[in-house]
Amino acid sequence: MLFNSVEFLLFFPVVVVIYFLLNHRYRWIMLLLASYYFYMSWRPEYIILIIVSTLIDYFAALQMGRAITPQRKKIFLLLSLFTNLGLLFTFKYFNFFNDSVRAAFNTFNIFYDVPAFQMLLPVGISFYTFQTMSYSIDVYRGIKEPERHLGVFALYVSFFPQLVAGPIERSTTFLPQLFEKHEFNAARAVSGLKQMLWGFFKKLVVADRLATYVDAVYNNPQEHSGLSMILATVFFAFQIYCDFSGYSDIAIGGARILGFDLMENFKRPYFAKSTKDFWARWHISLSTWFRDYVYIPLGGNRVVKWRWYYNLFITFLISGLWHGANWTFIFWGALHGVYLVLAIWFTQPVSRISGLLGLKSESGLNTIIHVVWTFTLASFAWIFFRANQISDAFLIIEKIFTFQGPVFLSNLSSVAYGIFGILLLLLVEFQHEYGFFNIKLFNNTNVVVRYSSYAAVVLLILLIGVFDGSQFIYFQF
């Protein structure tokens, strides 16, 4: 069931009404059943994977809590990790590694006949496996006591607003909320609805409108010019941001209506002043997950410099692999790792050059330069993320730098709508980032202005939104 579907627009209000009508003691049952129904609307049989992951992690955590020796605790931690990573490898990465091995063997004329695994990728498997793994690791570390209520733990794993594409919630902050009694709060409901509305705007008006141009260019790179590639790449930067942050807004807003607080997942990443700042603002729940469970255990920055570089690079390489079973994603992650290593390496020389040019770190011009440069680096990396294969990515880069041919504009109105959506998005985010304009729309104290702004966004969605039922990009991860 997609957020941008008629089914969800019927499903969600029914869940909210029943939730608040029910006695607090039985609400977890209703939410668990609703979450399972939500997930099973894609492929009913894949609910088995969530249940298996839930039961094994629940059992492993209880055994870790009872373990007397560190060795016994580690056995059950490994049980949890191997189960979740095994599911992830089988359904998401087996064919990728199998094809890579076959290609390597064919190079040396060695017979290799391991068949492909003919199964569709379960929606959201990367998200719920990482969420349950973080729980098991926290129990192992002693940060979290094992959860003894199986039903509530199952709800933690499968809570429908964030089940399919996050945010990846930590058990230390989200599990306790599942035991709290939530009364209907009109202010929270209005706040949640506003965030959901803005999420629908991002998805339907900006992301899906831009997708038509991006898909036309990136799916046929041989037929398009460098100018078209540049435009499509910039469009994709905003498409993926609005698609994913739009999902997060709907998830966070929907959870808030029910009384739950999910973590902020995006914080205006295209106003970042460095790649490090970008990753503090982009997909925050995942970047902090890799920080806490990969980067810091590797040693973080508390090591010699070459090892620090290695830790950063490996963390982003794994992050790229997490996004998809394709060399394009691995290259994308590696490129961001290189960005961060080079940023550390050149920090002092760049600071000296800025000083010689009289560009103070807090100056407006210096900020603009850093924001534009960071956006350029991120957009260049997005080429590998969006390209269908590595050869396409390098062809696109070659065309961008040769800069030949006219701009592809088969549907000028769609491009104009997309640009309009980007400009409106940037205007709103610029206000939130810097607060230069004292303009309030959704939060205006004037009732007429406030409700007019709601109506305007709804009207924009209805008039120029794309209602083709396209799924969110991160569902494939």
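Good morning. I begin with a pair of helices, α4 and α13, which are roughly perpendicular to each other. Their axes are 10 Å apart and the packing angle is about 105 degrees. Angles of 65 to 115 degrees count as roughly perpendicular, so the term applies here. The residues that make this contact are K92, Y93 and F96 on the α4 side, and L321, W322 and H323 on the α13 side. Sorted by class, the contact of α4 with α13 has four nonpolar residues, one polar and one charged. I should state at once that what we are viewing is a predicted model.

Helix α4 also packs against α5. How do the directions of these two helices relate? The axes of α4 and α5 cross at roughly 170 degrees and come within 10 Å. The two helices are therefore roughly antiparallel to each other. From α4, the contact draws on K73, K74, L77, S80, L81, N84, L85, L87, L88, F91 and K92. From α5, the contributors are I125, S126, T129, F130, T132, M133, S136, I137, V139 and Y140. By class, the contact of α4 with α5 contains 12 nonpolar, six polar and three charged residues. Please note K92, which is listed in the contact with α5 and also in the contact with α13.

The loop between α4 and α5 holds N109. This residue is not a glycine, yet it has a positive phi of about 55 degrees. Is N109 buried or exposed? N109 is exposed, with a relative accessible area of 74%.

A second residue of this kind is H283, in the loop between α11 and α12, the latter spanning residues 284–298. H283 is likewise not a glycine and has a positive phi, here of about 40 degrees. Its relative accessibility is 1%, and H283 therefore counts as buried.

One further backbone feature concerns a proline. G166 and P167 are joined by a cis peptide bond, with omega at about 5 degrees. P167 is placed in the loop between α7 and α8, where α8 covers residues 171–174.

I turn now to α9 and α19. Helix α9 runs over residues 186–218 and helix α19 over residues 447–464; they pack at an angle of about 30 degrees, with axes 10 Å apart. That angle makes α9 roughly parallel to α19. Their crossing is left-handed. In α9, the residues that meet α19 are V190, K194, L197, F200, F201, L204, V205 and R209. Their counterparts in α19 are Y454, V457, V458, L460, I461 and I464. The contact of α9 with α19 divides into 12 nonpolar residues, no polar ones and two charged ones.

Two residues of α9 merit individual attention. The first is L197, which lies in α9 and is buried, with a relative accessible area of 16%. Which residues does L197 touch, apart from those up to four places away in sequence? They are F442, Y454, V457, V458 and I461. As a long-range reference, L197 and Y293 are 96 residues apart in sequence, and their C-alpha atoms are 34 Å apart in space.

The second is D208, also in helix α9. D208 has 6% relative accessibility and so counts as buried. Neighbours within four places in sequence aside, D208 is in contact with N4, K203, D243, V466, D468 and S470.

Finally, I describe two helices by their buried residues. Helix α14, residues 327–345, has 19 residues and reaches 26 Å from first C-alpha to last, close to the 27 Å expected. Its buried residues are T328, F329, I330, W332, G333, A334, L335, H336, G337, Y339, L340 and V341. The elements covering them include α4, α11, α13, α16 and α17. Thus the opening pair, α4 and α13, returns here among the elements that cover α14.

Helix α2, residues 27–40, has 14 residues and reaches 20 Å, close to the expected 20 Å. Buried in α2 are R27, M30, L31, L32, A34, S35, Y36, F38 and Y39. What covers these residues includes α1, α3, α5, α6, α7 and α10. Helix α5, already met as the partner of α4, is therefore one of the elements covering α2.

Thank you for your attention.

Terms used
Residues numbered from 1 in each chain as written. Predicted model: local features only at pLDDT ≥ 70, side-chain atom pairs only at ≥ 80, totals over all residues. Heavy atoms only, no water. Axes fitted to C-alpha atoms, helices over the stretch in contact; angles between N-to-C directions. Helix = DSSP H or I, 4+ residues; strand = E, 2+ residues; numbered from the N terminus. Parallel < 35°, antiparallel > 145°, perpendicular 65-115°, else oblique. Left-handed = near helix turned anticlockwise from the far one by under 90°. Contact = heavy atoms within 4.5 Å. Nonpolar A, V, L, I, M, F, W, Y, C, P; charged D, E, K, R; others polar. Buried < 20%, exposed > 50% of the residue type's maximum accessible area, 1.4 Å probe, protein only. Expected span 1.5 Å × (residues − 1).
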